[in-house]
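Please find below a colleague's note on the model under review. The points are numbered for ease of reply.

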Amino acid sequence: MLHLKLPTEPQWVEMVERGNLEEILTDHAYCEQKAASSCISIIQSYPDFEKVVEVLTPVVIEEWQHFARVHAELKKRGLKLGMQRKDAYVNELLKWKRKGASRKESLIDKLLICALIEARSCERFKLLWQGLKDEELKSFYYDLMVSEAGHYVNFIELAREIGGRAQVDKRWQELLYYEIDVLQKIPPTHNKIH
Ligand SMILES: [Fe+2]
Ligand SMILES: [Fe+2]
């Protein structure tokens with residue numbers, strides 16, 4: 001359903017399990033924060049696209065609820081939210097946006113990048129749900145997997161409605177191939193959600 005071109009290696013879950021849970025949950029919390037922030041910023045830039053405001057407003061609320069849930073998981077374990085670290089994956093994806101594009105084209109590119117981040121999160125949450133030993137974290141990641149899958153569909157459908165299905169699907173395929181290069185640039189020791 002997600003159409004990702006390069007699956008995350010199954011060993012990635014072991015790497016997460018071996019890693020520092022405080023850092024992993026902190027990174028995850030900021031992924032949720034960034035998801036909420038980017039929806040807010042798209043709404044601020046495109047209030048004249050009514051559908052954008054309508055579709056993305058509930059996504060902001062859900063992403064912030066995810067942030068709160070990750071924070072609660074940290075607290076429950078006596079861990080603390082740390083500082084945000086650089087997100088190489090997202091920074092590289094943002095370079096894919098067309099330069100000198102029309103306002104509408106820029107909006108489509110932003111929506112597709114959001115869709116891809118959702119799809120990749122959803123894929124990795126599924127691996128965590130299936131592979132983690134901690135029962136509480138397993139069910140936590142199951143819920144998030146379902147929610148991010150819904151967001152992925154929201155972004156793709158919104159982009160298609162604004163930009164036309166054929167053109168958007170073509171651009172989406174380009175982004176899926178671009179992501180392969182992005183993933184290959186990130187060191188294999190990378191255990192972040194993104
Ligand atoms: Fe989320
Ligand atoms: Fe999401």
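The points below take up the metal site, then the pocket, then a selection of individual residues.

1. Status of the model. The structure is a predicted model, and every statement in this note should be read with that in mind.

2. Coordination of the iron ion (ligand 2). Four residues donate to this ion: E63 (OE), E118 (OE, listed twice), E148 (OE) and H151 (ND1). The distances run from 1.9 to 2.4 Å. Along the sequence, the donor residues follow the spacing E-x54-E-x29-E-x2-H.

3. The second iron ion. How far apart are the iron ion (ligand 2) and the iron ion (ligand 1)? The separation is 3.4 Å. E63 coordinates both ions, in addition to its place in the list of donors to the iron ion (ligand 2).

4. The contribution of helix α6. Two of the donors, E148 and H151, belong to helix α6, which spans residues 135-163. They are 3 residues apart, about one turn of the helix. Are E148 and H151 buried or exposed? Both are buried.

5. The largest pocket. The space in this pocket amounts to about 430 Å³. Its lining consists of 24 residues, and K34, S38, V90, C114 and I117 are those nearest the centre. By class, the lining comprises 11 nonpolar, 5 polar and 8 charged residues.

6. Origin of the pocket lining. Which helices each supply at least two residues of the lining? They are α2 (21-45), α4 (88-94), α5 (103-131) and α6. The largest share comes from α2, with 9 residues. Helix α6 thus appears both here and at the iron ion (ligand 2), through E148 and H151.

7. E73, a buried acidic side chain. E73 is located in helix α3, residues 50-76. Why does E73 count as buried? Its relative accessibility is 8%, and the cut-off for a buried residue is under 20%. The side chain of E73 makes a polar contact of 3.1 Å with that of K76. Beyond four places in sequence, E73 touches L25, E136, L137 and F140. Of these partners, E136, L137 and F140 fall within the range of helix α6 (residues 135-163), and L25 falls within that of α2 (21-45).

8. V182 in helix α7. This helix covers residues 165-185 and includes V182. V182 counts as buried because its relative accessible area is 1%. When neighbours within four places in sequence are set aside, its contacts are Y89, E92 and L93; the range of α4 (88-94) takes in these positions. By contrast, the C-alpha atoms of V182 and D134, which are 48 residues apart along the chain, lie 30 Å from each other.

9. V13 in helix α1. V13 lies in the helix formed by residues 11-18. Its relative accessible area of 7% is why V13 is classed as buried. Outside a window of four places in sequence, V13 is in contact with L127, L128, G131 and L132. Among them, L127, L128 and G131 fall within the range of α5 (103-131). V13 and N91, for their part, are 78 residues apart in sequence, with 23 Å between their C-alpha atoms.

10. I43 in helix α2. I43 belongs to α2, the helix that gives the largest share of the pocket lining. Is I43 buried or exposed? I43 counts as buried because its relative accessibility is 19%, against a cut-off of under 20%. The classification therefore rests on the cut-off chosen, which the reader may wish to bear in mind. Apart from residues up to four places away, I43 touches V52, V53, L56, T57 and V60. For one of these partners, T57, the C-alpha separation from I43 is 7.9 Å, across 14 residues of the chain.

11. K80, an exposed loop residue. K80 is in the loop between α3 and α4. K80 counts as exposed because its relative accessibility is 62%, and exposed means over 50%. Its contacts, with neighbours within four places in sequence left aside, are E22, T26 and L74. Between K80 and K34, 46 residues apart along the chain, the C-alpha distance is 19 Å; K34 is among the residues nearest the centre of the largest pocket.

Key
Residues numbered from 1 in each chain as written. Chains lettered and ligands numbered in written order. Predicted model: local features only at pLDDT ≥ 70, side-chain atom pairs only at ≥ 80, totals over all residues. Heavy atoms only, no water. Donors = N, O, S within 2.8 Å, 3.2 Å for Na, K, Ca; no water. Helix = DSSP H or I, 4+ residues; strand = E, 2+ residues; numbered from the N terminus. Buried < 20%, exposed > 50% of the residue type's maximum accessible area, 1.4 Å probe, protein only. 1 Å grid on protein atoms, 1.4 Å probe; cavity = no way out; pocket = protein on both sides within 12 Å on 5 of 7 lines; lining within 4 Å. Points joined across faces, edges and corners; volume = space filled by probe spheres on them. Nonpolar A, V, L, I, M, F, W, Y, C, P; charged D, E, K, R; others polar. Polar contact = N/O pair within 3.5 Å; in protein donor to acceptor, adjacent residues only side chain to side chain. Contact = heavy atoms within 4.5 Å.
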